[in-house]
Amino acid sequence: MQELTCFKAYDVRGRLPDQLNEEIVYRIGRAYAIFIGANEVAKRVVVGYDIRLSSKQLSSALIRGLLDSGVDVQDIGQCGTEEIYFATSHLGMDGGIVVTASHNPKDYNGLKFVRENSKPISADTGLKSIRALAESNLFPKSIKQGQLVQISIRDAYINHLLTYTDVTSCKPIKVACNAGNGGAGAIIDLLEPHLPYHFEKLYHEADGNFPNGVPNPLLEENREPTRARLLETNADVAIAWDGDFDRCFFWDEKGQFIEGYYIVGLLAQHFLQLEQAARIVHDPRLIWNTQDIVLRHKGIAVQSKSGHAFMKDVMRNQDAIYGGEMSAHHYFRRFFYCDSGMIPWLVVLEILSRTDKTMSQLVEECVARFPSSGEINCSVKDAQIVMAHALAAYEAEALNVDLMDGVSVDFKDWRFNLRSSNTEPLIRLNVESRGSVQLMQEKTRELLNLISSA
């Protein structure tokens, strides 16, 4: 039995061709079919793929695995991850799979799965079972061959996106936008005729060779081209996406990158103005700004473990109107409790239009009240040992310790979260304070010294 190392906490991700290839993807398709019960009753699954050079070929192998299992497949072709979320619920399918490796290097690829109603599948809710079935490579003979239909859901998807913004209240804002040669450019082109905005486009055409670097705006070295485009065009705001555009990132009119944490607060306020006493879900890494905004607008803040599968489960269980992670994943009740990289900027640009504020003015008060370090990644041999050292050093004087996701330690005027990566030998640090940049920076240095000496 072959061990498959491409299975991660929330999805499948691996290097081509040793960790992931057509034969493995075919087996995963067969395994997924059994997992959703296709050997017992007829099932329908929607499939799509991102702009990577290997994605169409892997998608074909996946479809063969599903068809050979008796699953009827609706193929939406090249798409973003969120289009699979949308199509699964919009079409009433039994599941959906997208071939994508998001922001990983170009020699990687992967798969993301949902079941009916776009419910996530993670290691805790089915991925382990799919992995075991795929590793066994023992599949029952199907009674029938599934049927393949190629369809487009783009019109319905675009129409749905437009319901999140009141176009009549929007003004002719100039937007510098960087698709990173990923899939976002095609969606911008379809939205553009419906909006009053002027788009200054950068790396707009999809290209799986990634000639301008891997589309991952979280990497600081990838941010400069977007900033430069904004400044040279005198744009009001800049936006960039990762490869499968399920995350979006913002720069203000001065070219300053805005941490995703403050966008969560901005969106939370917007949705609480639409629905009083609504629930807002947030992750544990940076929390004070979000909790303060939710409290002031009479909402209910609900904390969830980081990661899209956890966030979606809490969103659904709480019937939350909106949820946000500082990593730039944003979740919406009307988007089937799933994350979207298109809805956030549509809402933010409407807020800019209605308030007549600049992008920096929208967030400057929150940045000043709750300055944060942003997420700092450190390579470590053993993240658990580092977290234990941090807990031992700070627990005695802490006002609160939370172990929901790594270690969160709160004091009167500052707090931190340390958590390990699910996929890499890294520990991730976030620090925030109440109103003191100096204190935040001092404690960040202190914790980085602890991490390096542990």
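Ser102 has a relative accessibility of 4% and therefore counts as buried, the limit being under 20%. In this predicted model, Ser102 belongs to the loop between E4 and E5. Its phi is near 50°, a positive value in a residue other than glycine. Most residues other than glycine have a negative phi, and most peptide bonds are trans.

The loop that holds Ser102 also holds Asn104, and its flanking strands are E4 (95-99) and E5 (108-115). Asn104 is buried because its relative accessibility is 16%. The side chain of Asn104 makes a polar contact of 2.4 Å with the side chain of Arg13. Beyond its neighbours within four places in sequence, Asn104 is in contact with Arg13, Arg52, Phe210 and Val214.

**Other backbone features**

A positive phi also occurs at Asn137, where the value is about 55° although the residue is not a glycine. Asn137 sits in the loop between helix H4 (123-136) and strand E6 (148-150). With 39% relative accessibility, Asn137 is partly exposed.

The peptide bond from Leu16 to Pro17 is cis, and its omega is near -5°. Pro17 lies in the loop that runs between strand E1 (12-15) and helix H1 (22-35).

**Residues in helices**

Helix H1 contains Ile28. The relative accessibility of Ile28 is 0%, so this residue counts as buried. Leaving out residues up to four places away in sequence, Ile28 touches Phe7, Val12, Leu20, Leu111, Phe113, Ile130 and Ala134. Of these, Leu111 and Phe113 fall within the residue range of strand E5 (108-115), and Ile130 and Ala134 within that of helix H4 (123-136). Val12 falls in the range of strand E1 (12-15).

His270 is part of helix H8 (residues 260-274). A relative accessible area of 6% makes His270 buried. Its contacts, apart from neighbours within four places in sequence, are Val347, Glu350, Ile351 and Arg354.

Helix H9 (residues 288-296) includes Arg296, and Ile293 is found in H9 as well. Which of the two is buried, and which is partly exposed? Ile293 is buried, with a relative accessible area of 1%, whereas Arg296 is partly exposed at 41% relative accessibility. The side chain of Arg296 forms a polar contact of 2.9 Å with that of Asp292. Ile293 touches Gly265, Gln269, Leu272 and Cys366, not counting residues up to four places away in sequence. Gly265, Gln269 and Leu272 fall within the range of helix H8 (residues 260-274), so Ile293 of H9 is in contact with residues of the helix that holds His270.

**Separations along the chain and in space**

Three pairs of residues have C-alpha separations as follows.

| Pair | Apart in sequence | C-alpha to C-alpha |
|---|---|---|
| Ile293 and Gly265 | 28 residues | 6.4 Å |
| Arg296 and Cys248 | 48 residues | 26 Å |
| Ile28 and Gly260 | 232 residues | 34 Å |

The pair Ile293 and Gly265 is also in contact.

**The protein as a whole**

The protein has 14 helices and 21 strands. How does its radius of gyration agree with that of a compact globule? For 454 residues a compact globule would have a value near 22 Å, and the protein has 22 Å, so the two agree. Along the principal axes, the C-alpha atoms fill a box of roughly 65 × 55 × 45 Å.

Buried residues make up 57% of the 454 residues. Among contacts with a separation of 6 or more, 69% are between residues 24 or more positions apart. The accessible surface comes to about 18,300 Å², and carbon and sulfur atoms account for 48% of it. The protein has 47 positive and 58 negative charges, and the mean positions of the two sets are 3 Å apart.

How values were computed: Residues are numbered from 1 along each chain as its sequence is written. This is a predicted model: local features need pLDDT of at least 70, side-chain atom pairs count only at pLDDT 80 or more; totals for chains, interfaces and linings use all residues. Side-chain values use heavy atoms; hydrogens and water are left out. Helices (H or I, at least four residues) and strands (E, at least two) are DSSP runs, numbered from the N terminus. The radius of gyration is taken over C-alpha atoms; the globule rule is 2.2 Å times the number of residues to the power 0.38. Buried means under 20% relative accessible area, exposed over 50%, partly exposed in between (1.4 Å probe, protein chains only). Contact means heavy atoms within 4.5 Å. Accessible areas come from the Shrake-Rupley method with a 1.4 Å probe; for residues, only the protein chains shown count as cover. Lys and Arg count as positive and Asp and Glu as negative; His and the chain ends are not counted. The place of a charge is taken as NZ of Lys, CZ of Arg, CG of Asp or CD of Glu. A polar contact is a pair of N or O atoms within 3.5 Å; within protein, one must be able to donate a hydrogen and the other to accept it, and residues adjacent in sequence count only if both atoms are side-chain atoms.
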